[in-house]
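Open the model in your viewer and switch to a cartoon view. Keep a selection tool at hand.

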Amino acid sequence: MGKINRYSVEYEWANVIFYQAVEAMTIQEAKERIQHTKVNAAIRAVHVIEDVES
């Protein structure tokens, strides 16, 4: 299993800006996790918060 990180994802959904912490292996996976639950979300930024041991 790869290295898991905790990301802060900033996204706009329904004209409101949200920030959500997501655990994922890559930035792309973090974006996909948000877009899976918020289909029309516009991802604005993704930042690594910390490394999480796998």
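This tour moves from the sheet to its helix, then to single residues and their salt bridges.

**The sheet**

Keep in mind that this is a predicted model. Start with the strands. Three of them form an open sheet in the order 2-1-3, with antiparallel pairing. Select residues 16-24 for strand 2 and 42-52 for strand 3. These are the edge strands, and each pairs on one side only. Look along the sheet: from one strand to the next, the twist averages 20 degrees.

Now add residues 4-13, which make up strand 1. Strand 1 pairs with strand 3 in the antiparallel sense, over nine bridges. Which residue of strand 3 is the bridge partner of V9? Select V46 to see that partner.

**The helix**

Next, select residues 27-37. This is helix 1, and it lies across strand 1, strand 2 and strand 3. Helix 1 runs at about 125 degrees to strand 2.

**E10 and its surroundings**

Go to E10, in strand 1. Is E10 buried or exposed? Its relative accessibility is 15%, and buried means under 20%, so E10 counts as buried. Show its contacts beyond four places in sequence: among them are F18, Y19, I43 and A45.

I17 is another contact of E10. Select I17 in strand 2. I17 is partly exposed, at 34% relative accessible area. Setting aside residues up to four places away, I17 touches E10, Y11, E12 and R44.

**The salt bridges**

Side chains of opposite charge can pair when their charged atoms come close. This structure holds five salt bridges. Show the side chains of E10 and R44. They form one salt bridge, with the closest N and O atoms 2.8 Å apart. E10 lies in strand 1 and R44 in strand 3, so the pair ties together parts that are 34 residues apart in sequence.

Stay on R44, which is partly exposed at 48%. R44 also forms a salt bridge with E12, where the closest N and O atoms are 3.6 Å apart. R44 is in strand 3 and E12 in strand 1, so this pair joins parts 32 residues apart in sequence. E12 is partly exposed, at 28% relative accessibility.

Finish with R6 and E23. Their side chains meet in a salt bridge of 2.5 Å, N to O. The pair links R6 in strand 1 to E23 in strand 2, 17 residues apart. Add E50 to the selection: R6, E23 and E50 are linked in a network of salt bridges.

Conventions:
Residues numbered from 1 in each chain as written. Predicted model: local features only at pLDDT ≥ 70, side-chain atom pairs only at ≥ 80, totals over all residues. Heavy atoms only, no water. Pairing = 2+ DSSP bridges. Helix = DSSP H or I, 4+ residues; strand = E, 2+ residues; numbered from the N terminus. Axes fitted to C-alpha atoms, helices over the stretch in contact; angles between N-to-C directions. Contact = heavy atoms within 4.5 Å. Buried < 20%, exposed > 50% of the residue type's maximum accessible area, 1.4 Å probe, protein only. Salt bridge = Lys/Arg side-chain N within 4 Å of Asp/Glu carboxyl O.
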